[in-house]
Amino acid sequence: MSVTPFVQPANVGPRSSPQVIHCINPATGASLGEVAVAGPDEVRAVVERARAAQLAWGRSSFRQRRAVLGHLTDIIIERADEICAAVAEDSGKTHENALLGEVMPVLNKIRWMIKNGEKHLRPERVSSGLLMHKKARIEYRPLGVIACIVPWNYPFQNIFGSLVAPLMAGNAVVLKASEAVAWSTALFQSIIDEALRREGFSADTVRILNGFGETGAALVRARVQKILFIGSVGNGRRIIEGSAEHLTPTVMELGGKDPMIVCDDADLDQAVHSALGGCFINLGQNCIASERLLVMDGIYDRFLAEFGKRAAALRQGVPTGPGRLDVGAINTMQQLRVIDELVSDALAKGARALVGGRMPDPATGNFYPPTVLVDVTPEMRIAREEVFGPVALIMRVKDDAEAIRVANGTDFGLHSSVFSKDRARAERIAAALDAGATCINDFGLCYLAQDLPFGGVKYSGFGRMNGRDGLRAYTNAKAVLSDRFGFNVPPKLYPVAPGDYEKARASIGLMFGRGGGRRLKSLLALIRLSLFARP
């Protein structure tokens, strides 16, 4: 989830041009076909059509919105095999990862939205405070058109996971997909169109655009009402620069360097299996991948032996169907080179490759083997920069304090994990970690618990996805104050009369003073001023 959609990846074929994307399978190099690029004029036209469609969608009932999301659920389940096959072709991942890492989380998110969306978006009664003659409420109104710019690592989930919340909140969505996985977007658009059509809403309510940097830049500047960006820190800065033109608010998810702390009292089998998933899920192309395994002295040798053995046994190759492989290919040649550069730098500076550590001939496909590096120090580039690949960095730490210090020692703070049988100890460590989320004795499950917000701190971004906060982020929280009774007494501020200041001063002391004596003094002053006011 954290690789830029703006830099042309190497798996976009040589016939790509400003007008056409040539799509290839990153695992085989086979051509998938060509996809047209949306130029700036088309982007602006699509946004304007979405703006018109949003007028009807924004007036829709919650029942109608739930119905559209229900149709999405039905269609996704019916076409799950087709979706997984398309994702595997377009991204090089395994069918199992496409199903469990993309289809299942999207269905989970939609289910949560159907069940909870209205509850969090209904007008909310709040206290009117001192204004006892008034009633106060918050209305969560749609913003308009939401722009989503998403990367290539989860072609299906990044699109559908990004559009569900703004759609439920009554907005139209224009989404710029990554050029590296443009081939599968036609299938995804047809699924969205069908769900909207079944309830009589315009297909312009949600549109997917394909293109390069110019397409994304045009969308950012198209006077949308909010921007969700999932990508790199560098491109996040470019998005913010573009959004400043119209003061468009943004939500940023910019990746991580997530630590997994394995305490000396952890359950070894549980920690090893969680670390395998944390490091090698989607071949490490995951924003919440456990890029740093901080293992304490007391368990280090046993953990290293078991983890290394299991990592070396992972099966890698061209995904051709379910049940054959553990991991597939790296999505882009550009990312393959980033991984190789960081690993080579670490090896040159004293790290050792216990497993893997060498890039195969690129002519065989975009493959990098599951790799385990030891003797990694916090000063190495690979310990500070996001690898976004199948590289487990095992770093020895002596105690809780050192683990916390090393874990917090990067510019990122997205996700984190702590493994310990001592609940109180795990909670203490978790509380000290600079991260948007901490999962105790598991990896990555915070993202699946949809009531929890998802996002980061530091260079990992700002704003939140998921949960109540992520849903309401796509609304205008509008304050409304109305009359409580059938009559109204207007406040008379003018003209200012002699003694008004003194009365106001006494009233403030009565309302806000701390202690009975101060309040009594203010009350007596107010009575005196009212009874003996000068004419």
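**Entry: Arg310 and Glu306**

I looked up Arg310 and found its side chain in a salt bridge with that of Glu306, at 2.9 Å from N to O. The model is predicted, and I read the distance with that in mind. Both residues belong to helix α10, which runs over residues 297-312. Because Arg310 and Glu306 are four residues apart in that helix, about one helical turn separates them. I also checked the cover on Arg310: the relative accessible area is 31%, so the residue is partly exposed.

**Entry: Arg381 and Glu341**

Next I took the salt bridge between the side chains of Arg381 and Glu341, where N and O are 3.1 Å apart. Arg381 sits in helix α12 (residues 381-384) and Glu341 in helix α11 (residues 333-348), so this pair ties together parts that are 40 residues apart in sequence. I noted Arg381 as partly exposed, with a relative accessible area of 22%. That value is just a lookup against the cut-off: buried means under 20%, so Arg381 does not count as buried. Glu341 is partly exposed too, with a relative accessible area of 45%.

**Entry: Glu194 and Arg198**

I then turned to helix α6, residues 185-198, which holds both Glu194 and Arg198. They are four residues apart, about one turn of the helix. Their side chains meet in a salt bridge of 2.9 Å, N to O. For Glu194 I wrote down a relative accessible area of 24%, partly exposed. For Arg198 the relative accessible area is 35%, again partly exposed.

**Entry: salt bridges over the whole structure**

How many salt bridges does a search of the whole structure find? I got 30. I also listed a network of salt bridges that links Asp264, Asp265, Asp400 and Arg425.

**Entry: Glu402**

I looked for Glu402 and found it in helix α13, residues 400-407. Is Glu402 buried or exposed? Its relative accessible area is 17%, and buried means under 20%, so I entered Glu402 as buried. With neighbours within four places in sequence left aside, I found Glu402 in contact with Arg396 and Val397.

**Entry: positive patch**

I recorded a positive patch on the surface, formed by Arg111, Lys115, Lys119 and Arg122. I placed Arg122 in the loop between α4 (95-121) and β3 (124-126). Arg122 has a relative accessible area of 41% and is partly exposed.

**Entry: nonpolar patch**

I found a nonpolar surface patch made of Leu130, Leu131, Leu481, Ile508, Met511 and Phe512. Together these residues have about 590 Å² of accessible area. Which helix gives the most to the nonpolar patch? Helix α16, residues 500-512, does, with three residues. I looked at one member of the patch, Ile508, and placed it in helix α16. At 44% relative accessibility I counted Ile508 as partly exposed.

**Entry: Pro155**

I moved on to Pro155, which lies in helix α5, residues 155-168. Pro155 is buried, with 3% relative accessibility. Which residues is Pro155 in contact with, leaving aside its neighbours within four places in sequence? I listed Val87, Ser91, Lys93, Glu102, Val181, Ser184 and Phe188. I also looked up Pro155 against Ile299: the two are 144 residues apart in sequence, and their C-alpha atoms are 38 Å apart in space.

**Entry: the chain as a whole**

Last, I noted the totals for the protein chain. Its secondary structure comes to 17 helices and 20 strands. The C-alpha trace spans about 95 × 60 × 40 Å along its principal axes. Of the 535 residues, 55% are buried.

For contacts I took those with a separation of 6 or more, and found that residues 24 or more positions apart account for 72% of them. The chain exposes about 23200 Å², of which carbon and sulfur atoms supply 55%. I counted 64 positive and 55 negative charges, whose mean positions are 11 Å apart.

Conventions:
Residues numbered from 1 in each chain as written. Predicted model: local features only at pLDDT ≥ 70, side-chain atom pairs only at ≥ 80, totals over all residues. Heavy atoms only, no water. Patch = residues over 30% accessible without salt bridge, like charges linked within 9 Å, V, L, I, M, F, W, Y side chains within 5 Å. Areas by Shrake-Rupley, 256 points an atom, 1.4 Å probe, with all protein chains shown as cover. Salt bridge = Lys/Arg side-chain N within 4 Å of Asp/Glu carboxyl O. Lys, Arg positive; Asp, Glu negative; His and termini not counted. Charge placed at Lys NZ, Arg CZ, Asp CG, Glu CD. Helix = DSSP H or I, 4+ residues; strand = E, 2+ residues; numbered from the N terminus. Buried < 20%, exposed > 50% of the residue type's maximum accessible area, 1.4 Å probe, protein only. Contact = heavy atoms within 4.5 Å.
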